[in-house]
Amino acid sequence: MPLNNITAMNKILVTGGTGFIGSHTVVELQQKGYEVVIVDDLSNSSIEVLDNITKITGIKPAFEQFDLSDAAKTADFFARNKGIDGIIHFAAFKAVGESMVKPLEYYKNNLGSLLNILEGMKENGVKNLVFSSSCTVYGQPEVLPVTESAPIQQAWSPYGNTKQMCEEILRFATMTLPVKAIALRYFNPIGAHDSALIGELPLGVPGNLVPFITQTAIGIRACLSVFGDDYNTPDGSAVRDYIHVVDLAKAHVIAVERMLGEKGKSNLEIFNLGTGTGSSVLEVIKSFEKVSGEKLNYKIVPRRAGDVEQTWADTQYANDELGWKAERGLDDMMLSAWKWEKALASKKK
Ligand code: UD1
């Protein structure tokens with residue numbers, strides 16, 4: 001049932017909308033009748049994503065290419081784009097390892113873009129912001145599954161620290177400005193759209209597990225390194241809560257609707273987005289081999305610095321409050337990731 005102040009053509013700004021999670025969210029928004037404007041500097045994505053979104057939905061989203069950490073350009077964008085009803089802010093640097101080498105770039109980009117967006121919201125009367133946060137804010141939780149009220153631990157990387165700091169900025173901004181926010185703490189988003197037209201497009205050597213698996217299976221990489229088999233977990237490899245990117249994208253639409261419908265319980269709400277189930281690296285590999293029929297070349301190597309041993313979400317609060325639940329299981333996620341990798345390979349031929 002549509003809520004009073006939600007209209008079919010509410011305009012949503014999606015920053016980072018050509019990226020992995022952003023592009024899937026744009027598709028879900030458009031399919032629900034929202035008008036989407038994307039801002040992305042294409043520093044970690046490709047312009048072709050726009051055409052592929054259009055192939056899926058039949059609607060080409062409006063697009064502007066610039067860096068949101070540029071205050072003047074961001075102010076100019078807001079001055080020219082009136083009538084934005086809500087913002088989903090994905091645009092950020094996200095590579096943990098890189099953030100250890102380039103910490104200042106991470107703070108400048110991730111904090112700067114949020115501040116400029118909040119300034120634009122304040123100046124132009126845009127009230128609603130959905131922010132991409134991460135389970136990384138919990139570090140290694142003491143109690144699993146981890147709830148939203150678990151303590152925030154000292155960050156293990158500048159990347160993780162920027163997510164914590166952005167949440168803190170939102171805490172005070174939503175207390176003092178006419179702005180509301182929902183911070184969504186993602187666990188490990190993987191998989192791709194069923195059309196195999198959009199998915200994860202890592203530049204260079206993937207840092208994340210699933211693109212490394214699919215690139216190894218397709219022959220781009222020789223061998224996957226499994227980082228550690230001596231963790232205190234059932235099979236010794238590290239455990240994460242992998243969530244299908246389309247499930248995640250749908251949660252963003254629900255978060256936007258919650259804000260537009262003024263259903264929030266406070267000016268800043270925080271939700272875990274995961275499945276509630278942990279899977280080990282070795283289980284992910286087994287699932288991949290099962291659904292793809294491929295034998296994966298992998299070897300066990302020492303642990304990766306900065307990795308936590310295990311984490312998975314308590315999703316009760318998100319399930320109850322958002323009326324949202326992740327629907328797709330690990331095999332489904334791995335099959336969609338594999339279809340996407342194969343589609344990429346056939347395009348290159
Ligand atoms: C981390 C953060 C996550 C953040 C993401 C950004 C935590 C718990 N998670 O994800 O919030 O959004 O970085 O990139 O802090 N692995 C291998 N071989 C590989 C690659 C990965 O064995 O080649 C293993 C890792 O050791 C880890 C698992 O696979 O156990 C998942 O790794 P990855 O996909 O990089 O994500 P996280 O590090 O969990």
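Visitor: Where is the place of Leu268 in this structure?
Guide: Leu268 lies in strand E11. Helices (H or I, at least four residues) and strands (E, at least two) are DSSP runs, numbered from the N terminus. The model is predicted: local features need pLDDT of at least 70, side-chain atom pairs count only at pLDDT 80 or more, and totals for chains, interfaces and linings use all residues. Residues are numbered from 1 along each chain as its sequence is written, and side-chain values use heavy atoms, with hydrogens and water left out.

Visitor: Is Leu268 buried or exposed?
Guide: The terms rest on relative accessible area: buried is under 20%, exposed over 50%, and partly exposed in between (1.4 Å probe, protein chains only). Leu268 counts as buried because its relative accessible area is 17%.

Visitor: With which residues is Leu268 in contact, leaving aside its neighbours within four places in sequence?
Guide: Contact means heavy atoms within 4.5 Å. On that basis Leu268 meets Glu167, Leu170, Arg171, Thr174, Ala181 and Ala183, with neighbours within four places in sequence set aside. As for distance along the chain, Leu268 and Val130 are 138 residues apart, yet their C-alpha atoms are separated by 9.7 Å.

Visitor: Thr174 appears among those partners. Where is Thr174 found?
Guide: Thr174 is part of helix H6. It is counted as buried because its relative accessibility is 3%. Not counting residues up to four places away in sequence, Thr174 touches Val179, Lys180, Ala181, Asn267 and Leu268. Thr174 and Asn267 stand 93 residues apart in sequence, and 5.7 Å apart in space from C-alpha to C-alpha.

Visitor: Which backbone oxygen lies 2.6 Å from a polar atom of the side chain of Thr174?
Guide: A polar contact is a pair of N or O atoms within 3.5 Å; within protein, one must be able to donate a hydrogen and the other to accept it, and residues adjacent in sequence count only if both atoms are side-chain atoms. For the side chain of Thr174, the partner at 2.6 Å is the backbone oxygen of Leu170. A further case is Thr74, in helix H3 (residues 71-80): a polar atom of its side chain lies 2.8 Å from the backbone oxygen of Asp70.

Visitor: In helix H3, how do Thr74 and Ala72 compare in exposure?
Guide: Thr74 counts as buried because its relative accessibility is 1%. Ala72 also has its place in helix H3, but it counts as exposed because its relative accessibility is 58%. Thr74 touches Phe66, Asp67, Leu68, Asn116 and Ile117, not counting residues up to four places away in sequence.

Visitor: Which residues of the largest nonpolar core touch the most other members?
Guide: A nonpolar core is a set of buried Ala, Val, Leu, Ile, Met, Phe, Trp, Tyr and Cys residues joined through side-chain atoms within 4.5 Å. The largest one here has 37 residues, of which Leu29, Leu184, Leu273 and Trp324 touch the most other members. Among the elements that each supply at least two residues of this core are helix H1 (20-31), strand E6 (180-186), helix H8 (245-260) and strand E11 (268-273). Helix H8 gives the most to this core, with nine residues. Apart from it lies another core, of 24 residues, including Phe77, Ala173, Val179 and Ala181.

Visitor: How many residues surround the ligand?
Guide: A residue is near a molecule if one of its heavy atoms lies within 4 Å of it. Here 22 residues surround the ligand, and the closest are Ser134, Ser225, Arg240, Arg304 and Asp307. Strand E8 (residues 224-227) contributes the most to this shell, with four residues. Backbone N or O atoms also approach oxygen atoms of the ligand: one of Leu209 at 2.9 Å, and one of Phe227 at 2.9 Å. The protein covers 91% of the 730 Å² of accessible area that the ligand has on its own, by the Shrake-Rupley method with a 1.4 Å probe.

Visitor: What is the peptide bond from Leu144 to Pro145?
Guide: That bond is cis, with omega near -5°. Pro145 is found in the loop between strand E5 (128-134) and helix H6 (158-176).

Visitor: What is phi of Leu42?
Guide: Phi of Leu42 is near 60°, a positive value in a residue other than glycine. Leu42 has its place in the loop between E2 and H2, and it counts as buried because its relative accessibility is 18%. Glu262 likewise has a positive phi, near 50°; its place is in the loop between H8 and E11. Glu262 is exposed because its relative accessible area is 56%.
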